[in-house]
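Load the model in your viewer and keep the selection panel at hand. The tour moves stop by stop.

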Amino acid sequence: LVSYNHSRIGMVTGPLKMYTARERLNGYLDALRDSQIEIDEKLIAVADYDIDSGYNCMKVLIECEERPTAVLVANYYMGIGVLKVLHENNIRIPEDMSVISVDELEFSRVLDTQISSIKQLRKEMGDMAAGIIVDRIRGEISDFPKIVYLDTELIWARSVRPI
């Protein structure tokens with residue numbers, strides 16, 4: 001989004017008591033700082049990783065006095081809520097607002113504009129989790145709690161436009 005000259009980038013993130021939500025928010029904040037973009041707290045909306053809270057958060061973001069030109073959504077279900085608000089308010093993607101989601105929004109394939117996404121490699125995630133579970137069953141706890149970072153893949157679609 002920054003490389004497309006967006007500087008008013010909203011984020012709909014998950015509950016900050018969850019490690020993944022905090023890490024995604026920190027990544028967003030780091031990207032803004034690295035790009036010397038001023039952080040506007042009004043553009044950060046905290047949701048509950050579900051459709052309704054994504055919907056409610058996006059309603060708040062589009063009602064900002066100076067609305068974002070782009071939004072990053074931190075998971076699939078919140079993405080559904082975000083897209084519903086944009087549709088109900090005749091906000092076109094990407095003409096009026098650019099959108100990227102963490103998790104691939106497969107249903108967007110039937111929309112006029114498919115949504116760009118940060119794809120998590122689920123097989124690798126499952127393999128890693130299974131290995132950790134087996135280690136725990138065997139009594140291996142020396143690395144508890146274990147935090148693992150896996151690669152992601154950017155799936156580029158037409159939901160982002162340059163400013």
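Is the crossing of helix 2 and helix 3 left-handed or right-handed? It is right-handed. Keep in mind that this is a predicted model.

**Stop 1: the helix pair.** Select residues 51-62 for helix 2 and residues 76-88 for helix 3. Their axes lie 7 Å apart and meet at an angle of about 45°. Angles from 65 to 115 degrees would count as roughly perpendicular and those under 35 as roughly parallel, so helix 2 is oblique to helix 3.

Now show side chains at the contact. From helix 2, pick Ile51, Ser53, Gly54, Tyr55, Met58, Lys59 and Ile62. From helix 3, pick Tyr77, Met78, Ile80, Gly81, Val82, Lys84, Val85, Leu86 and Glu88. Colour them by class: the contact of helix 2 with helix 3 has 10 nonpolar, 3 polar and 3 charged residues.

**Stop 2: the sheet.** Switch to cartoon view. An open sheet of 6 strands appears, in the order 2-1-3-4-5-6 and with mixed pairing. Which strands are at its edges? They are strand 2 (44-46) and strand 6 (152-155), each pairing on one side only. Direction ignored, neighbouring strands are turned by 15° against each other on average.

Zoom in on strand 4 (residues 98-102) and strand 5 (residues 116-120). These two run parallel and are joined by 3 bridges. Select isoleucine 100, then serine 116 in strand 5: they are bridge partners.

**Stop 3: helix on sheet.** Bring helix 3 back into view. Helix 3 lies across strand 1 (9-13), strand 3 (70-73) and strand 4. Against strand 3, helix 3 runs at about 150°.

**Stop 4: a salt bridge.** How many salt bridges does a search of the whole structure find? The search finds 5. For one of them, select aspartate 40 and arginine 8. Their closest N and O atoms are 3.0 Å apart. This pair links distant parts of the chain, with the two positions 32 residues apart in numbering. Aspartate 40 sits in the loop between helix 1 (19-34) and strand 2, while arginine 8 belongs to the segment before strand 1.

**Stop 5: backbone details.** Stay in the loop between helix 1 and strand 2 and pick glutamine 36. Glutamine 36 has a positive phi of about 55°, although it is not a glycine.

Last, go to the loop between helix 3 and strand 4, where you will find proline 94. Check the peptide bond from isoleucine 93 to proline 94: it is cis, with omega near 0°.

Notes. Residues numbered from 1 in each chain as written. Predicted model: local features only at pLDDT ≥ 70, side-chain atom pairs only at ≥ 80, totals over all residues. Heavy atoms only, no water. Axes fitted to C-alpha atoms, helices over the stretch in contact; angles between N-to-C directions. Helix = DSSP H or I, 4+ residues; strand = E, 2+ residues; numbered from the N terminus. Parallel < 35°, antiparallel > 145°, perpendicular 65-115°, else oblique. Left-handed = near helix turned anticlockwise from the far one by under 90°. Contact = heavy atoms within 4.5 Å. Nonpolar A, V, L, I, M, F, W, Y, C, P; charged D, E, K, R; others polar. Pairing = 2+ DSSP bridges. Salt bridge = Lys/Arg side-chain N within 4 Å of Asp/Glu carboxyl O.
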